[in-house]
Amino acid sequence: MDRYDIVAGLEPQTVLRRFCDISTVPRASGEMKEISDYIVSHIQRLGYEASQDAFYNVVAKIPASEGYEEAILTNGI
């Protein structure tokens with residue numbers, strides 16, 4: 001049985017397959033280094049800048065979509 005069998009026939013496949021991949025990474029409460037490393041690595045493979053802090057929070061710098069370069073965040077962040 002392939003780990004993607006559970007999402008066969010569902011959409012969007014790209015998102016669901018990524019979820020399956022992430023689900024294989026161990027991450028007990030308070031043990032977030034492995035999943036944080038996985039996410040940073042994935043972002044960097046996509047060609048973007050990513051880092052993590054001492055608590056394994058991930059920060060990614062991803063450029064705005066074309067036409068939104070000057071957009072202002074309005075959600076309070």
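**Exercise 1.** In this predicted model, classify Asp 21 as buried or exposed from its relative accessibility.

*Solution.* The relative accessibility of Asp 21 is 11%. The buried class lies under 20%. Asp 21 therefore counts as buried.

**Exercise 2.** Determine which residues are linked with Asp 21 in a network of salt bridges.

*Solution.* Step 1: Arg 3 forms a salt bridge with Asp 21, with the closest N and O atoms 2.9 Å apart. This pair links distant parts of the chain, since Arg 3 belongs to the segment before α1 and Asp 21 to helix α1, 18 residues apart.

Step 2: Asp 21 also meets Arg 18 in a salt bridge, at 3.1 Å from N to O. Both residues lie in helix α1, three residues apart, about one turn of the helix.

Step 3: Arg 3, Arg 18 and Asp 21 are thus linked in a network. Arg 3 is partly exposed at 46% relative accessible area, and Arg 18 is partly exposed at 30%.

**Exercise 3.** Describe the salt bridge between Asp 37 and Lys 33.

*Solution.* The N to O distance is 2.7 Å. The two residues are four residues apart in helix α2 (residues 33–45), so about one helical turn separates Asp 37 and Lys 33. Asp 37 is partly exposed at 29% relative accessibility, as is Lys 33 at 41%. The count of salt bridges comes to three.

**Exercise 4.** Characterise the pairing of strands β1 and β2.

*Solution.* Strand β1 (residues 49–52) pairs with strand β2 (residues 58–61) in the antiparallel sense over four bridges. Glu 49 stands opposite Lys 61 in β2. The strands form a hairpin with five residues between them, and Tyr 56 in the turn has a positive phi of about 70 degrees.

Technical notes:
Residues numbered from 1 in each chain as written. Predicted model: local features only at pLDDT ≥ 70, side-chain atom pairs only at ≥ 80, totals over all residues. Heavy atoms only, no water. Pairing = 2+ DSSP bridges. Salt bridge = Lys/Arg side-chain N within 4 Å of Asp/Glu carboxyl O. Buried < 20%, exposed > 50% of the residue type's maximum accessible area, 1.4 Å probe, protein only.
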